[in-house]
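Please find below a colleague's note on the model under review. The points are numbered for ease of reply.

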Amino acid sequence: MKYVLTLLFSLLLAFSSIAQNKKFDFIAFGDMPYKLPEDYGRFEGVIKKINQEKPVFSVHVGDIKSGSTPCSTEYFYKIHQYFETFDQPLVYTPGDNEWTDCNRKAAGEYDPNERLKELRKVFFAKKESFGKKKIKLVSQSENPAFANYVENNTWEYGGIQFATIHLVGSNNNLKGANADNTEFNEREKANEAWLEEVFAKANSKMGLVFFTQADMFYHGMVPTGFTQIVEKLTTLTRAYGKPVLWINGDSHRLLIEKPLLMPDKKSTILNFTRLQVFGEADMEAVRVKVDPKSSQLFLFEQLMVD
């Protein structure tokens, strides 16, 4: 019996090793559909294309509408229905156009905090992905100290740790010094704790991938709403040592760069790569190829949609 158990354990270890050395692809996209109702048909084309490509999963990095279209609950459910038409698992992280910018007249003059609460109710009621085939997600909300942050999720695939983190454009909802920044301050605390937790989970993995909406390195500068997060990310990335891929939307232009700097502010932190995806008028996606045998681990390919 002891021999059988030892053999089974050895086989499980061997299978795990094979799985972690296997190539796989996932797809990232965001900031769509934007111009409504014209973009509905185009978005359906994006979904059709991704379904044809059969990635292990896809991630929408936020902004499911423009900042000048209504933030109605009806619209939230419409996009929810679209998300369920993906053949493979789809994970989503919120953008600023879904809640922080909803106080604009064109967006319906909603209370942003109320829209955030509704967004969480519609899109994050279950601890799993969207799509016809689903994957289980581990939410930060399982920690009672951060029970509200159902949108911060993590999962593992092929020896890589994946996670979403709720950072959004419009300076991450950080307002002027005399404004009420309660929401920002509380989410900032949650996000910093989440970074630490996910990096810890990734210690035994080959690499780490984060998905978020915000362009934290806007035109090469770090806006004030992201200063602390970037500092925390820099410290954790240096200590981690293995490849870290940061994927965001927000600025609607494809970009691959290494924006994190060493303390001397001259040399680059080479194990950190940022991928910024297409968006708005350019409704395209990016295929990320994970190759454990490559020194870069993450390789990129434009996925153009006809």
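1. Leu297 is buried, with a relative accessible area of 4%; buried denotes under 20% relative accessible area, exposed over 50%, and partly exposed the range in between, with a 1.4 Å probe and protein chains only. Leu297 is not a glycine, yet its phi is positive, about 65°. Leu297 sits in the loop between strand 11 (285-290) and strand 12. Helices (H or I, at least four residues) and strands (E, at least two) are DSSP runs, numbered from the N terminus.

2. On the basis of the note: this is a predicted model, in which local features need pLDDT of at least 70 and side-chain atom pairs count only at pLDDT 80 or more, while totals for chains, interfaces and linings use all residues. Residues are numbered from 1 along each chain as its sequence is written, and side-chain values use heavy atoms, with hydrogens and water left out.

3. A second residue other than glycine with a positive phi is His252, with a value near 65°. His252 belongs to the loop between strand 8 (244-248) and strand 9 (255-257). His252 is buried, at a relative accessible area of 10%.

4. The loop between strand 1 and helix 2 deserves inspection for its prolines, Pro33 and Pro37. The peptide bond from Met32 to Pro33 is cis, with omega near -5°. The bond from Leu36 to Pro37 is also cis, with omega near 5°.

5. Helix 2 (residues 39-53) has 15 residues, which at 1.5 Å a residue should span 21 Å; the end C-alpha atoms are 21 Å apart, in agreement. The expected span of a helix is 1.5 Å times one less than its number of residues. Lys54 follows helix 2 and has a positive phi, near 55°.

6. Which residues of helix 2 are buried? They are Asp39, Tyr40, Phe43, Val46, Ile47, Ile50 and Asn51. These residues cover an arc of only 135° around the axis, which puts them on the same side of helix 2; the arc is that of the directions from the helix axis to the C-beta atoms. The elements covering the buried residues of helix 2 include strand 1 (24-29), strand 2 (58-60), helix 3 (73-83) and strand 12 (298-303), where contact means heavy atoms within 4.5 Å.

7. Two packed helices are described by the angle between their axes and the distance between the axes. The axes of helix 2 and helix 3 cross at roughly 30° and come within 11 Å. Helix 2 is thereby roughly parallel to helix 3. The contact involves Tyr40, Phe43, Glu44 and Ile47 from helix 2, and Tyr75, Lys78, Tyr82 and Phe83 from helix 3. By class, this contact has six nonpolar, no polar and two charged residues. Axes are lines fitted to C-alpha atoms, for helices over the stretch in contact, and angles run from 0 to 180 degrees between N-to-C directions. Angles under 35 degrees count as roughly parallel, over 145 as roughly antiparallel, 65 to 115 as roughly perpendicular and the rest as oblique. Ala, Val, Leu, Ile, Met, Phe, Trp, Tyr, Cys and Pro count as nonpolar, Asp, Glu, Lys and Arg as charged, and the others, Gly among them, as polar.

8. Helix 6 (residues 182-201) and helix 7 (residues 227-240) pack with their axes 10 Å apart, at an angle of about 10°. These two helices are therefore roughly parallel to each other. In helix 6, Glu188, Asn191, Glu192, Leu195, Glu196 and Phe199 meet Gln228, Ile229, Lys232, Leu233, Leu236, Thr237 and Tyr240 of helix 7. The class count for this contact is six nonpolar, three polar and four charged residues.

9. In helix 7, the buried residues are Ile229, Val230, Leu233, Thr234, Leu236, Thr237 and Tyr240. Their cover includes helix 6, strand 7 (207-211), strand 8 and strand 10 (272-276). Gly241, just after helix 7, takes a positive phi of about 80°.

10. Helix 4 (residues 112-123) has Pro112, Arg115, Leu116, Glu118, Leu119, Arg120, Val122 and Phe123 as buried residues. Helix 3, strand 3 (90-92) and helix 6 are among the elements that cover them.

11. Is Lys189, in helix 6, buried or exposed? Lys189 counts as exposed, at 59% relative accessibility. Lys189 and Phe146 are 43 residues apart in sequence, and their C-alpha atoms are 9.1 Å apart in space.
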